[in-house]
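Me: I'd like to go through this structure with you, one question at a time. Shall we begin?

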Amino acid sequence: MKNTQNTKPTKKKIITYYLILAASLLVIAGVTVGIVFAVRGANVTPPNDIIDGNKPDDGEDKPDEKPDEPDKPIDTSTKYEFIVPVKDVNLSQAHVFGYDKTLDKYHFHEGMDFSLKAGSEVLAAVDGTVKSVSTSDELFGAVITIEHADGVTTVYKFVDPVENLKAGDEVARGTVIAKVAAATGVENADGDHLHFEVFKNNVMQDPDIYLNIISK
């Protein structure tokens with residue numbers, strides 16, 4: 001005889017099954033989320049600005065900022081490069097210790113002498129402003145002094161200045177400022193010549209530092 005007892009699950013059992021299933025899904029979901037965050041945390045490196053304690057930027061790539069550089073000096077090589085102050089270069093006395101025929105003794109010769117006939121043109125060695133024009137120096141005849149850039153001064157002795165040349169005049173390199181005078185003064189025994197001197201911050205220099213003619 002067949003068993004007629006009801007074999008269907010009761011309502012209470014069904015609810016229990018669903019609760020167990022839901023709990024299992026929650027556990028699986030929690031484990032999965034934990035694994036994902038653990039992997040991300042191991043592979044992601046925080047930006048440098050966060051590590052250094054600064055606020056993050058807006059995400060845009062910015063070029064590296066360079067410190068301010070000083071202004072480059074103006075190229076004055078053509079304007080301030082010296083030229084020999086005479087057209088025919090005949091160096092008769094350098095900036096050295098030697099014998100002075102006029103004074104008949106040995107001493108240090110200041111500046112450079114260029115042997116030329118009286119009346120030969122004398123040129124401004126470099127751009128500058130005339131500081132003074134003296135025409136009554138008993139030792140050196142007429143003397144022209146010109147100031148230039150960087151504390152440099154040039155002096156031209158035993159000359160006849162061009163007419164109307166005066167202090168304050170601006171002269172360009174190569175401008176005729178005088179003519180060689182007849183031999184006179186403390187170097188008259190050397191004949192007609194231009195005596196040329198250079199000073200840097202009021203200290204006398206060897207003119208060849210600027211002219212570079214002896215080594216040529």
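Me: Is Glu121 buried, partly exposed or exposed?
Reply: Keep in mind that this is a predicted model. Buried would call for under 20% relative accessible area and exposed for over 50%. Glu121 has 30% relative accessibility, so the class for Glu121 is partly exposed.

Me: Which residue forms a salt bridge with Glu121?
Reply: Start from strand β5 (residues 121–123), where Glu121 sits, and go to the loop between α3 (77–80) and β1 (91–93), 34 residues away in the chain. The partner in that loop is exposed, with a relative accessible area of 59%. The closest N and O atoms of the pair are 2.8 Å apart, and the partner is Lys87.

Me: How many salt bridges does a search of the whole structure find?
Reply: The pair of Glu121 and Lys87 is a salt bridge, and so is the pair of Glu147 and Lys131. Lys157 and Glu197 form a salt bridge as well. For the whole structure, the search gives a count of four.

Me: How far apart are the closest N and O atoms of Glu147 and Lys131?
Reply: Glu147 is partly exposed at 38% relative accessible area, and Lys131 is partly exposed at 46%. A salt bridge needs the nitrogen within 4 Å of the carboxyl oxygen. Glu147 and Lys131 do form one, with their closest N and O atoms at a distance of 3.9 Å.

Me: And how many residues apart in sequence are the parts that this pair ties together?
Reply: The strands β6 and β7 are joined by a hairpin through three residues. Lys131 lies in β6 and Glu147 in β7, so the separation in sequence of the parts they tie together is 16 residues.

Me: In which sense do β6 and β7 run, and how many bridges join them?
Reply: One place to look is Val130, which stands opposite Ile146 in β7. Strand β6 covers residues 128–137, and its direction relative to β7 is antiparallel; the number of bridges is six.

Me: How many residues of strand β7 are buried?
Reply: β7 pairs with β6 and also with β8. The strand spans residues 141–147 and is mostly covered. Of its seven residues, the buried ones number six.

Me: Which residue in the turn between β7 and β8 has a positive phi?
Reply: These two strands pair in the antiparallel sense over six bridges. They form a hairpin with four residues between them. The residue in that turn with a positive phi, about 60 degrees, is Asp150.

Me: Which residue forms a salt bridge with Lys157?
Reply: Lys157 is the bridge partner, in β8, of Val143. The closest N and O atoms of the salt bridge are 3.1 Å apart, and the residue across from Lys157 is Glu197.

Me: Which strands does this pair tie together, and are the two residues buried or exposed?
Reply: The pair of Lys157 and Glu197 ties together parts that are 40 residues apart in sequence, because Lys157 lies in β8 and Glu197 in β11. As for their surroundings, Lys157 and Glu197 are both buried.

Me: What is the relative accessible area of Phe158?
Reply: Phe158 lies in strand β8, which covers residues 152–161. Its phi is near 60 degrees, a positive value in a residue other than glycine. Phe158 counts as buried because its relative accessible area is 2%.

Me: How far apart in space are Phe196 and Phe158, C-alpha to C-alpha?
Reply: Phe196 belongs to strand β11 (residues 193–200) and is buried, with a relative accessible area of 0%. Beyond its neighbours in sequence up to four places away, Phe196 touches residues including Phe82, Met112, Phe114, Tyr156 and Leu211. Phe196 and Phe158 are 38 residues apart in sequence, and their C-alpha distance is 9.2 Å.

Me: Which residue's backbone oxygen does the side chain of His193 reach?
Reply: His193 lies in strand β11. At 3% relative accessibility, His193 counts as buried. Its side chain comes to 2.7 Å from the backbone oxygen of Gly191.

Me: Is Asn212 buried, partly exposed or exposed?
Reply: Asn212 is in the segment after α4 (208–211). Phi of Asn212 is near 50 degrees, a positive value in a residue other than glycine. With a relative accessible area of 37%, Asn212 is partly exposed.

Conventions. Residues are numbered from 1 along each chain as its sequence is written. This is a predicted model: local features need pLDDT of at least 70, side-chain atom pairs count only at pLDDT 80 or more; totals for chains, interfaces and linings use all residues. Side-chain values use heavy atoms; hydrogens and water are left out. Buried means under 20% relative accessible area, exposed over 50%, partly exposed in between (1.4 Å probe, protein chains only). Two strands pair if DSSP finds at least two bridges between them. Contact means heavy atoms within 4.5 Å. A polar contact is a pair of N or O atoms within 3.5 Å; within protein, one must be able to donate a hydrogen and the other to accept it, and residues adjacent in sequence count only if both atoms are side-chain atoms. A salt bridge is a side-chain nitrogen of Lys or Arg within 4 Å of a carboxyl oxygen of Asp or Glu.
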